[in-house]
Amino acid sequence: MKLRPLLRAGLSAFALTSPALADTALTVMMSGTPRGEVVVADTGPHARRTVYGFQDRGRGPALTETVQNDARGVPLSLAIDGADYRKFPIQERFAATGAQAAWKSDADEGRGAAGGFYVPNQSTPEDRAALARALLAAPDHQLDLLPAGCAAIVAAGEQPVTGAAGPVT
């Protein structure tokens, strides 16, 4: 799927908004035609529900995700239900309890040390936005990832934009 510039810009701005975001809806565009949407709603302190889906020649995901984060924006629990791009059923789970984290998806299942940012196998655009927010909030802009790896975020430049309140960098 190729994201149109408007959606790319929207996702970039979306990634940098505060964790206390009001309900947000974005349109998924393909070849200049609306094909789906991403709807994100706050459901409580550090909790979000994301509904994501699009249609691409009879294919496309239809996912509902609920996430509870800690104060740093790192997931404590996650549930994704629905269908993947090929319409196969999805039921992905993640939970961090104390020092232990556990996950199960259609791709793998495992346990590890809690504290890392869980990257789901079946993800939504909000997952990438949440990771960017958590990286920006991390003291060194780096986080361990679960099931494995690490991520960092660095400034690639500045782009001034003008909104209703005037110019913003």
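Reader: How many aromatic pairs does the count come to?

Author: The model shown here is a predicted one, and a pair of aromatic rings is described by the distance of the centres and the angle of the planes. Rings of Phe, Tyr and Trp pair if their centres lie within 6.5 Å. By this rule, the number of aromatic pairs comes to four.

Reader: In the pair of Phe54 and Tyr85, what is the angle between the planes, and what is the pair called?

Author: The two residues belong to distant parts of the chain, since Phe54 is in strand 3 and Tyr85 is in the loop between strand 5 and strand 6, 31 residues apart. Their rings lie 6.1 Å apart, centre to centre. Planes under 30 degrees apart would count as stacked and planes over 60 as edge-to-face, and here the angle is 50°, so the pair is called tilted.

Reader: Is Phe54 buried or exposed?

Author: A residue counts as buried when its relative accessible area is under 20%, and as partly exposed between that value and 50%. Its ring partner Tyr85 has a relative accessible area of 30%, and is therefore partly exposed. For Phe54 the relative accessible area is 7%, which means that Phe54 is buried.

Reader: Which residues form one aromatic cluster?

Author: Phe54 and Tyr85 already form an aromatic pair of the tilted kind. The cluster holds these two residues together with one further tyrosine, and its members are Tyr52, Phe54 and Tyr85.

Reader: Where in the chain are Trp103 and Tyr118, which form an aromatic pair?

Author: Trp103 and Tyr118 form a tilted pair, with 6.3 Å from centre to centre and 35° between the planes. Trp103 is buried because its relative accessible area is 7%, and Tyr118 likewise counts as buried because its relative accessibility is 1%. The pair links distant parts of the chain, 15 residues apart, with Trp103 in strand 7 and Tyr118 in strand 9.

Reader: In what order do the three strands of the open sheet lie?

Author: The edge strands are strand 9 and strand 11, each of which pairs on one side only. Strand 10, residues 142–146, pairs with strand 11 in the antiparallel sense over three bridges, and in this pairing Asp144 stands opposite Cys150. The pairing in the open sheet is mixed, and the order of its strands is 9-10-11.

Reader: What angle does the direction of helix 2 make with that of strand 10?

Author: Helix 2, which covers residues 125–137, packs on the sheet and touches strand 9, strand 10 and strand 11. When the direction of this helix is set against that of strand 10, the angle is about 140°.

Reader: Which residues are linked with Arg48 in a network of salt bridges?

Author: Side chains of opposite charge can pair when their charged atoms come close. The side chains of Arg48 and Asp42 meet in a salt bridge at 2.9 Å, N to O, while Glu126 forms a salt bridge with Arg48 in which the closest N and O atoms are 2.7 Å apart. The second of these pairs links distant parts of the chain, with Glu126 in helix 2 and Arg48 in strand 3, 78 residues apart. The network joins Arg48 with Asp42, Glu126 and Arg133.

Reader: Is Asp42 buried, partly exposed or exposed?

Author: Both Glu126 and Arg48 are buried, and for Arg48 this follows because its relative accessibility is 7%. Asp42 has a relative accessibility of 28%, which lies between the limits of 20% and 50%, so Asp42 counts as partly exposed.

Reader: Which residues is Asp70 in contact with, leaving aside its neighbours within four places in sequence?

Author: Asp70 lies in the loop between strand 4 and strand 5, and it counts as buried because its relative accessibility is 17%. It forms a salt bridge with Arg72, with the closest N and O atoms 3.0 Å apart. Once the neighbours within four places are left aside, the contacts of Asp70 are His46 and Leu76.

Reader: Which residue in the turn between strand 1 and strand 2 has a positive phi?

Author: Strand 1 is mostly covered, as five of its seven residues are buried. Strand 1 and strand 2 pair in the antiparallel sense over seven bridges, and Leu26 has Val38 in strand 2 as its bridge partner. The two strands form a hairpin with two residues between them, and the residue in the turn with a positive phi, about 50°, is Ser31.

Note on methods
Residues numbered from 1 in each chain as written. Predicted model: local features only at pLDDT ≥ 70, side-chain atom pairs only at ≥ 80, totals over all residues. Heavy atoms only, no water. Buried < 20%, exposed > 50% of the residue type's maximum accessible area, 1.4 Å probe, protein only. Helix = DSSP H or I, 4+ residues; strand = E, 2+ residues; numbered from the N terminus. Pairing = 2+ DSSP bridges. Contact = heavy atoms within 4.5 Å. Axes fitted to C-alpha atoms, helices over the stretch in contact; angles between N-to-C directions. Salt bridge = Lys/Arg side-chain N within 4 Å of Asp/Glu carboxyl O. Phe/Tyr/Trp six-rings, centres within 6.5 Å; stacked < 30°, edge-to-face > 60°.
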